[in-house]
Amino acid sequence: MGMSRDSEHTAGSLSRQGSAASSPEGSEPKAANRSKAKIRVSLACVQCRSKHVKCDATLPACNRCQQEDKPCFYAKSRRGIRDPKKRSMISDKPPTTSTGSFLPTNFSSGSPSVQSLSLHDLPSGWSVNSAPSTASSSKNEKELLVDLFYNYFHPGHPCLPPKRFFYNHVEADPDSYHFLLSVINFCGSLYTDQIPSEDLREVAYSAACASLPFTVQSVQGLLILSIAAFGEMKFEHHTGWANRAATIAIELGMNQKTFADRTSDSVLAESYRRTWWCLTFQDSVRHLGDVGSTLSITDVDSDVDLPCEEWEYESGIIPQPISQSQYETQVNLGQSDFSSMAYLIEICKIQTDLVLPYHEAPENKKSEIFERADSRICDWLRRVPKWKMNLVDPDGVVDIVLYHGISIAHVNRLRLRQSAPRSGLNIREYFPLGPAKGPDRKGQMVKGFGWNSYPIDIQAANGYCDLFRHPFPTKTLRAVFATGTLRVILAYLDACVFLGLDSPIFRERINRLTQILTVHGEIWPLSRKIAEDVKAVAKEYLTPRISQSWRPGISESEAWAAVTSLHETPNLTPNFGFEPYQQVYQVEGWSMNDTWSANLTDIYQA
């Protein structure tokens with residue numbers, strides 16, 4: 001790659017660029033490469049698969065590896081091995097590699113299991129790290145920082161190669177990774193109290209502001225640093241580094257399929273594809289957050305293939321990627337077995353193409369855009385397979401990527417229904433403006449045969465809260481998590497303050513979401529600031545907490561009497577209706593959970 005400096009280029013280099021790649025391959029990928037659980041039932045160890053030789057799948061080690069005296073390990077599939085006895089025999093540890101000046105002598109390629117963390121429980125399985133991170137005595141400071149980065153930051157932004165492959169590349173060419181490593185060290189330090197972040201932040205910031213080579217590692221470092229700057233509320237830095245990362249990426253041609261295809265290393269090629277898509281995610285986020293943007297990559301032509309499943313990426317056995325056109329064709333044919341990253345890319349495209357333009361569209365166009373955006377989001381929610389909707393597999397591996405996709409879907413349904421002047425992050429300033437149709441808006445009855453009796457915005461908020469039933473460590477959530485949670489809290493506040501729907505259920509959810517933001521704020525100042533703003537608004541506009549026996553004083557003839565029965569499962573006709581919430585997302589259970597820790601304070605207390 002060329003070593004020209006980005007100081008020689010201007011921001012105008014982000015002009016629309018045509019794709020130099022040939023048209024996407026028309027042939028369907030081979031069945032063996034498709035991400036289907038039924039195909040993964042047949043077992044082969046990573047060593048045999050990498051050599052394309054037959055494996056007898058003997059557990060715990062195959063005969064070929066035993067004869068060659070090589071470590072035998074298997075890439076665990078989310079659904080591939082159903083026999084619990086066989087699952088327990090499988091080793092998914094990578095083979096021991098030679099150590100050097102940088103490569104740790106003791107590391108694990110996988111994320112820590114939920115059980116291995118020092119946690120205390122939040123409602124319905126949510127977990128918060130209650131103790132400072134502790135370092136293993138066998139690890140030095142740099143190894144610990146890389147481990148922390150991969151354990152907590154990487155799952156939500158999986159653009160770098162898996163850890164064991166990353167170490168190998170650093171060992172082979174340490175000079176190319178100097179800047180990227182400084183960024184990783186800084187981000188890793190945010191997740192521990194043992195290593196101060198100030199000096200590491202200064203090193204990373206100084207390197208990012210200096211001249212950088214036009215390499216993928218520079219793009220990745222700038223992208224990761226811009227994400228961290230967003231979470232730390234340094235929005236000017238966030239915008240500048242995101243713009244610079246996009247500029248270098250387009251100069252390199254990362255928006256073209258051929259850029260990754262000409263890389264002989266399949267793991268690096270997959271990393272390049274993921275880096276481009278992560279750039280597009282962040283571009284959409286900064287527009288939605290209204291934190292300032294001078295450049296955009298949404299208009300840049302791109303034919304980059306879609307990423308594979310996370311378990312395939314971690315194993316290093318990368319299947320033949322599918323193109324964007326192949327994905328659309330298979331969706332139209334009713335197929336729904338795609339990678340979590342592919343689903344995340346689709347929902348982000350809906351957000352960029354339809355949700356973002358909605359509030360700025362002419363009045364005579366808004367209704368059409370609204371219907372298209374809302375129907376596309378509902379269709380997306382229906383098509384995600386139910387086994388993926390579980391988000392946590394039997395081994396306790398959490399699908400953080402799909403979690404963010406589902407949360408984006410629910411939040412975007414709320415964005416469509418919330419007024420444009422309330423689109424920023426300062427809820428103290430815009431909350432008095434009231435909901436989209438004004439403070440006097442009445443609750444609309446959406447009730448009939450087979451229909452959920454709750455309004456769409458409350459359904460979307462409930463669907464978002466339903467994700468909290470899963471045992472996610474809060475540390476692994478993206479920095480942008482706070483902006484979506486703010487939309488959900490706003491929906492419940494509007495119901496309580498402006499719409500005459502005050503309910504202890506909604507108050508409880510505002511309380512719990514704010515507490516989760518507070519915990520997330522131990523890492524990201526943006527979450528802490530939003531939690532403080534929500535507390536201020538709640539104390540100003542909501543009366544002191546009312547007893548659980550209280551019921552809203554609404555006539556029984558009004559549709560909103562249904563709010564009083566939120567403890568119960570809605571009485572719905574199965575397999576009927578147009579809203580995805582009525583069959584998948586229920587609202588009982590989460591809000592009134594009694595297992596919350598007593599040390600979490602009530603936001604309504606004076």
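Hi everyone. Before we look at anything, one definition: helices here are DSSP runs of H or I with at least four residues, and they are numbered from the N terminus. With that in hand, we can place Met 233, which lies in the loop between α8, residues 216-231, and α9, residues 235-252. Please keep in mind throughout that this is a predicted model.

Let's stay with Met 233 for a moment. Its phi is positive, about 65°, although Met 233 is not a glycine. Is Met 233 buried, exposed or partly exposed? Its relative accessibility is 33%, so it counts as partly exposed. Ala 57 gives us another case: its phi is positive too, about 60°, and it is not a glycine either. You will find Ala 57 in the loop between α1 and α2. At 22% relative accessibility, Ala 57 is partly exposed, because the cut-off for buried is under 20%.

Now step into helix α9, where Gly 240 sits. Gly 240 is partly exposed, with a relative accessibility of 33%. Along the sequence, Gly 240 and Leu 222 are 18 residues apart, and their C-alpha atoms are 9.3 Å apart in space.

Let's zoom out. How many helices and strands does the protein have? The secondary structure comes to 23 helices and two strands. The protein has 606 residues, and buried ones make up 57% of them. Here is a nice number about the fold: among contacts with a separation of 6 or more, 74% are between residues 24 or more positions apart.

What about the inside? In soluble globular proteins, nonpolar side chains tend to be buried together. In this model, the largest nonpolar core holds 142 residues. Which of its members touch the most other members? They are Phe 186, Trp 276, Trp 380, Val 488 and Tyr 492. A second, separate core has six residues, including Cys 45, Cys 55, Cys 65 and Cys 72.

Have a look at Tyr 492 on your screens. Leaving out residues up to four places away in sequence, Tyr 492 touches Ile 458, Ala 461, Asn 462, Cys 465, Phe 506, Arg 509, Ile 510 and Leu 513. One of those, Cys 465, is buried, at 1% relative accessibility. Cys 209, on the other hand, is exposed, with a relative accessible area of 58%.

With those cysteines in mind, how many disulfides does a search of the whole structure find? It finds zero. As a reminder, a disulfide is a covalent bond between the sulfur atoms of two cysteines.

Trp 380 leads us to another residue, Leu 402, in helix α17, residues 400-417. Leu 402 is buried, with a relative accessible area of 1%. Not counting neighbours within four places in sequence, Leu 402 is in contact with Ser 340, Tyr 343, Trp 380, Val 384, Lys 388, Met 389 and Leu 391. Take Lys 388 from that list: it is 14 residues from Leu 402 in sequence, and the two C-alpha atoms are 7.8 Å apart.

Next, a pair of helices. Two packed helices are described by the angle between their axes and the distance between the axes. For α20, residues 481-497, and α22, residues 525-541, the axes come within 11 Å and cross at roughly 5°. Why do we call α20 roughly parallel to α22? Because angles under 35 degrees count as roughly parallel. On the α20 side, the contact is made by Ala 482, Thr 483, Leu 486, Ile 489, Leu 493 and Val 497. On the α22 side, it is made by Leu 526, Ser 527, Ile 530, Val 534, Val 537 and Tyr 541. Sorted by type, the contact residues divide into 10 nonpolar, two polar and no charged.

Compare that with a single helix, α5, residues 163-172. It is mostly covered, with seven of its 10 residues buried. Those buried residues are Lys 163, Arg 164, Phe 165, Phe 166, Tyr 167, His 169 and Val 170.

Last stop: Val 53, in the loop between α1, residues 46-51, and α2, residues 63-67. Val 53 is partly exposed, at 31% relative accessibility. Leaving aside residues up to four places away in sequence, Val 53 touches Cys 48 and Arg 64. Val 53 and Arg 64 are 11 residues apart along the chain, with 9.6 Å between their C-alpha atoms.

Thanks for listening!

How values were computed:
Residues numbered from 1 in each chain as written. Predicted model: local features only at pLDDT ≥ 70, side-chain atom pairs only at ≥ 80, totals over all residues. Heavy atoms only, no water. Disulfide = S-S within 2.5 Å. Buried < 20%, exposed > 50% of the residue type's maximum accessible area, 1.4 Å probe, protein only. Core = buried A, V, L, I, M, F, W, Y, C linked by side-chain atoms within 4.5 Å. Contact = heavy atoms within 4.5 Å. Axes fitted to C-alpha atoms, helices over the stretch in contact; angles between N-to-C directions. Parallel < 35°, antiparallel > 145°, perpendicular 65-115°, else oblique. Nonpolar A, V, L, I, M, F, W, Y, C, P; charged D, E, K, R; others polar.
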